[in-house]
Amino acid sequence: MDEAARTRRGGWTTFPFIIGTMGCLTLAAGGWVANLIVYLIEEFNMKSINAAKIYNFVNGSITLFPIVGAIIADSFVGCFSVIWFSSLISLLGTLLLVLTAAIKHLRPPTCENGSSECKYPSHVQFAILYLGLALASLGTAGARFTIAPMGADQFDSSKHQGIFFNWYIFTMYSATVISSTAIVYVQDNVSWAWGFSLCAMANVFGLVVFLSGSRFYRIVKTQGSPFKSLAQVIVGAINKRRMVLSDRSEDYYHGLHEDRSHKTAAKIPTPFFRFLNRAALITDGDTTPGGSIAKQWKLSTVQQVDDLKSLVKIFPLWSTGVFLCTPLAIQLSLAIIQALTMDRRLHGGSHFRIPAGSMPVFILISTSVSIFIIDRLLFPLWEKLTKRPLTLLQRIGIGHALTIISMAVSAVVELKRLNIAHSRNLQNQTNVVVPISAFWLVPQLAIAGLGEAFHFPGQVALYYQEFPESMKSTSTAAVAMFIGIAFYISNALIDLVRRVTGWLPDNINNGRLDNVYWLCCIVGGLNFVYYIACASLYKYQNVEKPEHDCNKS
């Protein structure tokens, strides 16, 4: 695409189409994900902890597989094609869920949770359910996080990109709030079929909105697989492991003359991980008479070497996100199970009960409100008092601390719930409501949401800023990737706790869920120490004054 074509497209004209698509697709996915545990327990007769594990697995897939969509977008077809195709896949999966809810033969006969006479689903019923969940999960994964880099590509300034990221996250959380309340209410009080049908209609509308804006989008040309070039650096360095490194710039390959406008041109590779510098060291036969690379797996550019080094540098920080999100994943699923055992009425005489699947909405509300307060009030106040803005790493660190506090509050509240259950001799009874309001869960969820308002936008902005130019789509998917891994690890941790201890029986009134939350505190605390060490050693790579970027995030 020539420069004139680029300037004619993109900009704020594309904003309503991209944000509208994001809102509709998030509304569609949030509607079936939020109440999935309740659906599996009530309609497929699953035990509560097993339903929670499937819920974690689905969430893990939704947040882990965006990396696949990002690689395809960066390397082959671009963001536009990945988004519309993924939206179509998610629609097919949602329609299968509609069928499982609408056709009685596609699910087992209903029974009370915990009854010894419950009939488990047949192989065919399981197959259709899991196929629907798989398609809906993969489609949601491909579209949701690929929208972020495509939206950022529509703007030239980092300030406008920062504004877009704020709206992107605000829209994602706000749409999830609506789906976790309105659609979940329809599922609980009207029918599951109508609830899932609303999800399908939102998916269709999002796809239509996205395609309607196609003539306005700035389509960034793909540059080939960045992972291939990174692998070539490693192979090239190994092949030249016996070569002696040079201190002269001309001994390293910087690309053809017309590409030397890049900031790394005519420079010696950085001393960090010097072994990799050999991949850019020119030897006999590495280049053609015209100056191009003769054998790609023997010679790389200095820029390609630096790209790999930038990923190596940021990997320790990225890894801290896994165990930051693991306690949050455990809290998200177990809070729904806790709510099922608690009094969910608005007040003592009310007949309206808050759906258990809507409890995570308090996290979303807290995050959405907190993002606005943080960006509009807290950051300017901090800058006024300290004469310097909050850095991205400091913002993420505050999120770590708040997450640990949330786990501690969760443990205290659960201990209170257990004490009430034991005082009423309810620990060995199933399908009973412990006389404690579900609103006791709100403080821990609100604190978790406040923590997410700090660390989630901070991490999206940090990785988009610090990843190589050729991997911008992958940068936002990298955030989703560690969230997905965290959901899988949370399942592994739940399995470990169930095997080693008696803290997590199917009837949590007879367990020690509070100890699970204290375990999450320990995991989060150790990870926080690790994060502080990584952050203190990390040096920003792509900006001269990174601390001024926090308010843009």
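These are questions and answers on how features of this predicted model get their labels.

Reader: What makes Glu250 and Arg248 a salt bridge?
Author: Their side chains come to 3.6 Å, N to O. The cut-off is 4 Å between a side-chain nitrogen of Lys or Arg and a carboxyl oxygen of Asp or Glu, so the pair qualifies.

Reader: How do you know that Asp251 forms a salt bridge with Arg248?
Author: The closest N and O atoms are 3.1 Å apart. That is within 4 Å, so the label holds.

Reader: Why are Arg248, Glu250 and Asp251 called a network?
Author: Arg248 has a salt bridge with Glu250. Arg248 also has one with Asp251. Salt bridges thus link the three residues in a network.

Reader: Is Glu250 called buried or exposed, and why?
Author: Glu250 has 54% relative accessibility. Exposed means over 50%, so Glu250 counts as exposed.

Reader: And what is Arg248 called, and why?
Author: Arg248 has a relative accessible area of 47%. Buried would need under 20% and exposed over 50%, so Arg248 is partly exposed.

Reader: What makes Asp514 and Arg512 a salt bridge?
Author: The N to O distance between their side chains is 2.7 Å. The limit is 4 Å, so the pair passes.

Reader: How are Asp514 and Arg512 classed by accessibility, and why?
Author: Asp514 has 2% relative accessibility. Under 20% is buried, so Asp514 counts as buried. Arg512 has 33%. That value falls between 20% and 50%, so Arg512 is partly exposed.

Reader: How many salt bridges does the structure hold?
Author: The structure holds nine. Among them are Glu250 with Arg248, Asp251 with Arg248 and Asp514 with Arg512.

Reader: What makes a nonpolar patch of Phe65, Val68, Ile72, Phe76, Val77 and Leu138?
Author: Patch residues need over 30% relative accessible area and no salt bridge, and nonpolar side chains are joined within 5 Å. These six residues form such a patch on the surface. Together they have about 520 Å² of accessible area.

Reader: Which helix gives the largest share of the nonpolar patch?
Author: Helix H5, residues 66-102, gives four residues. Phe76 lies in helix H5.

Reader: Why is Phe76 called exposed?
Author: Its relative accessible area is 57%. The cut-off for exposed is over 50%, so Phe76 meets it.

Reader: Ser90 is in helix H5 too. Is Ser90 buried or exposed, and how do you know?
Author: Ser90 has a relative accessible area of 4%. Under 20% means buried, so Ser90 is buried. Ser90 touches Leu135, Ala136, Gly139, Thr140 and Asn203, not counting residues up to four places away in sequence.

Reader: How many aromatic pairs are there?
Author: The count comes to 23.

Reader: Why is the pair of Tyr39 and Trp192 called tilted?
Author: The ring centres are 4.7 Å apart, and pairing needs them within 6.5 Å, so the rings pair. The planes stand at 55 degrees. Stacked needs under 30 degrees and edge-to-face over 60, so the pair is tilted.

Reader: What does the pair of Tyr39 and Trp192 tie together?
Author: Tyr39 lies in helix H3, residues 36-43, and Trp192 in helix H9, residues 192-212. The pair therefore ties together parts 153 residues apart in sequence. Both Tyr39 and Trp192 are buried.

Reader: What makes Tyr463 and Phe467 edge-to-face?
Author: Their planes are at 75 degrees, and edge-to-face means over 60, so the label fits. The ring centres are 6.0 Å apart, within the 6.5 Å limit. Tyr463 and Phe467 are both buried.

Reader: How do you know that Lys313 sits over the ring of Phe272?
Author: The charged end of Lys313 is 5.0 Å from the ring centre. The distance limit is 6 Å, and the charge must also be within 35 degrees of the ring normal. Lys313 is listed as sitting over the ring. Lys416 likewise lies over the face of Trp440, at 4.8 Å from the ring centre.

Reader: Why is Ala453 called buried?
Author: Ala453 has 0% relative accessibility, and buried means under 20%, so the label follows. Ala453 is in helix H14, residues 442-466.

Reader: How far apart are Ala453 and Ser370?
Author: They are 83 residues apart in sequence and 5.9 Å apart in space, C-alpha to C-alpha. Ser370 is among the contacts of Ala453 beyond four places in sequence.

Methods. Residues are numbered from 1 along each chain as its sequence is written. This is a predicted model: local features need pLDDT of at least 70, side-chain atom pairs count only at pLDDT 80 or more; totals for chains, interfaces and linings use all residues. Side-chain values use heavy atoms; hydrogens and water are left out. Buried means under 20% relative accessible area, exposed over 50%, partly exposed in between (1.4 Å probe, protein chains only). Patches are made of residues with over 30% relative accessible area and no salt bridge: like charges are joined within 9 Å, nonpolar side chains (Val, Leu, Ile, Met, Phe, Trp, Tyr) within 5 Å. Accessible areas come from the Shrake-Rupley method with a 1.4 Å probe; for residues, only the protein chains shown count as cover. Helices (H or I, at least four residues) and strands (E, at least two) are DSSP runs, numbered from the N terminus. Contact means heavy atoms within 4.5 Å.
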